Amino acid sequence: MFVEEKNRLHRFCLEDRCKGIVTGICKVVSFDDEEAVILLDGEELIIKGQNLQLTSLVVDKGEIEFSGRVQSFMYRTKKTKQFGIFSRGAK
């Protein structure tokens, strides 16, 4: 489990929809080959795709790297349970 910090900044970088990195993570809630749920400061980042694999986990930095085919990602706030969706249809 990661140490939670108030107002922790995060970064989500996706390369060619098949390789990504997320920093500023408080906790990885779940991660399987079709969906990853990552807790950030006050919200969740949900990544959906195919063949998702966790390739690196750096607990003390709050950072993960992953690979696989990303189909969509969205942010869900914990307070309002509303979704902010950024997705692109699968090809």
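Me: Hi! Which residue in β5 does Ile38 stand opposite?
Reply: Hi there! In this predicted model, Ile38 faces Leu45 of strand β5.

Me: Nice. How do β4 and β5 pair, parallel or antiparallel?
Reply: Antiparallel, over five bridges, with β5 covering residues 43-58. The two strands make a hairpin with three residues between them. Gly42 sits in that turn and has a positive phi of about 85°.

Me: And what about β3, how many bridges join it to β4?
Reply: Four, and that pair runs antiparallel as well; β3 spans residues 27-31. One partnership there is Lys27 with Leu39 of β4. A hairpin links β3 to β4 too, by way of three residues.

Me: Is β4 largely enclosed or not, and why?
Reply: Largely enclosed by the rest of the structure, because four of the five residues in 35-39 are buried.

Me: Switching to the core: which residues touch the most other members?
Reply: In the largest nonpolar core, which has 13 residues, they are Phe12, Val22, Ile38, Leu40, Leu45, Ile47 and Phe66. Strands β4, β5 and β6 (63-77) each give at least two residues to this core. The largest share comes from β6, with four residues.

Me: Any general background on that?
Reply: In soluble globular proteins, nonpolar side chains tend to be buried together.

Me: Back to Leu40, then. What is Leu40 in contact with, leaving aside neighbours within four places in sequence?
Reply: Leu40 contacts His10, Val22, Thr23, Gly24, Ile25, Cys26, Leu45 and Tyr75. Two of those names, Val22 and Leu45, also appear with Leu40 in the list of core residues that touch the most other members.

Methods. Residues are numbered from 1 along each chain as its sequence is written. This is a predicted model: local features need pLDDT of at least 70, side-chain atom pairs count only at pLDDT 80 or more; totals for chains, interfaces and linings use all residues. Side-chain values use heavy atoms; hydrogens and water are left out. Buried means under 20% relative accessible area, exposed over 50%, partly exposed in between (1.4 Å probe, protein chains only). Two strands pair if DSSP finds at least two bridges between them. A nonpolar core is a set of buried Ala, Val, Leu, Ile, Met, Phe, Trp, Tyr and Cys residues joined through side-chain atoms within 4.5 Å. Contact means heavy atoms within 4.5 Å.
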